[in-house]
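Me: Could you take a close look at one part of this model for me? I'd like the cysteines first, and then a walk through one buried spot and what surrounds it.

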Amino acid sequence: MDGSLENYINFLSDDCLLAIFNKIESVSDRNAFGLTCKNWFKVRNIARKSLIFHCSFDPKVDKEHAKCLPKILSRSPYLNCISLAGISELPDSALFTLRISGTSLRSLSLYCCSGITDDGLEQVTIGCPNLVIVELHSCFNITDRGLESLSKGCHALKSLNIGYCIDISDQGIAAIFSNCSNICTLMISGCRHLSGVGFRGCPSTLCYLEAESCMLSPDGLLDVVSGGGLEYLNLHKLGSSAGLDGLGSLAFAKNLRSLNLRLCRYLTDDSVTAIASGCPLIEEWNLAVCHGIHLSGWSAIGLYCNKLRVLHVNRCRNICDQGLLALGNGCVRLEVIHMNGCVKITNNGLALFSISRPSVKRRVDEVLSIGPSIENLFRLHRERR
């Protein structure tokens, strides 16, 4: 390289270098930029928008990651996305340094960081008030106190994953809804201390709820849909301490488009009829292994679900030829039916269904998850790296 040109490059201002760096799209080229010299390495770190640690499943590696985190954060003060997912050995003290990113930090994943407590989360919320995405899945030491701190410090919160935070109760959920009026995505799967009453008065912005393996009460289910904005609801394997079916309350979720009731063993024909007639926008409904649905329930689905495109009836013991025919005679937009292990459906019944609805695809695979991808939902607000 010509000496005068090299000197000229060395005297480029940081602002000029940042402008050049931001024009580079290739990740490999960006990394090469940072390896040119110390000054360019500094510019590369300043321009960095995301920091992602990949799960190692090795406690020794986790400890090393936790140890080097402060140094990395000090070099990159303008991060808007940080993922520390899987660092199970991460202590609260490591979170204090997240305050370096301050108001620029918008997305934080502490997925499976089981060493984090309410104290660490409180420090994050004090220093990073503009968080819109927070993932706390399987952070077993987070309690209602931590959620209250989060809700008071991060009013802009839109997506929250507290799945399998086993000490969360309705008090913590109520705090989120009281202080975070723009919440749209919430995951509470495995939080078995929730009855659902904490959802009372939830905002209409709440459109996506994962509540798999929860123990929501009939009154709690009514509160869950009280906001009126739910479009996707997953109640897979919903438990009932009293052995009662309160799922008819879902009929008030008028905007519901995807509903997963797989393994809801207490579901009855009355509730199915109420949901089918009250939720006219449903496009996909998973009723696999729901043995409490009989002919009247299947008939109601055929009669009312005019926008239903995908239906899952795998291993339903009480769907028979007549029930299948009722679905075929109705559900005018049905495209796919997932069906296997339905012992009361005969070959003649299948043949009659195929004749009446030749365009409907019959699939034998059993699907556990329906609706939009969870990963995509938690990327919606993340800025490009």
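Reply: Happy to! This is a predicted model, and it holds 0 disulfides. Cys191 is a good place to see why. Its closest cysteine sulfur belongs to Cys165, at 5.9 Å; a disulfide needs the two sulfur atoms within 2.5 Å, so this pair is too far apart for a bond. Burial varies among the cysteines too: Cys191 is buried, with a relative accessible area of 0%, whereas Cys68 is partly exposed at 28%.

Another cysteine, Cys331, takes us to the buried spot, as one of the residues that Leu308 touches. Leu308 sits in the loop between helix H12 (295-304) and strand S11 (310-312). Though it belongs to a loop, Leu308 is buried, with a relative accessible area of 0%.

What surrounds Leu308? Leaving aside residues up to four places away in sequence, Leu308 touches Ile282, Glu283, Glu284 and Trp285, along with Ile301, Cys331, Arg333 and Leu334. For Ile282, the C-alpha atom is 5.6 Å from that of Leu308, although 26 residues separate the two along the chain.

Ile301 links this spot to helix H12: it is in contact with Leu308 and is itself one of the buried residues of H12, together with Gly297, Trp298, Ala300 and Gly302. Those buried residues of H12 pack against helix H11 (269-278), strand S10 (284-286) and helix H13 (321-329). Strand S10 spans 284-286, and Glu284 and Trp285 are among the contacts of Leu308.

Definitions and conventions: Residues numbered from 1 in each chain as written. Predicted model: local features only at pLDDT ≥ 70, side-chain atom pairs only at ≥ 80, totals over all residues. Heavy atoms only, no water. Helix = DSSP H or I, 4+ residues; strand = E, 2+ residues; numbered from the N terminus. Buried < 20%, exposed > 50% of the residue type's maximum accessible area, 1.4 Å probe, protein only. Contact = heavy atoms within 4.5 Å.
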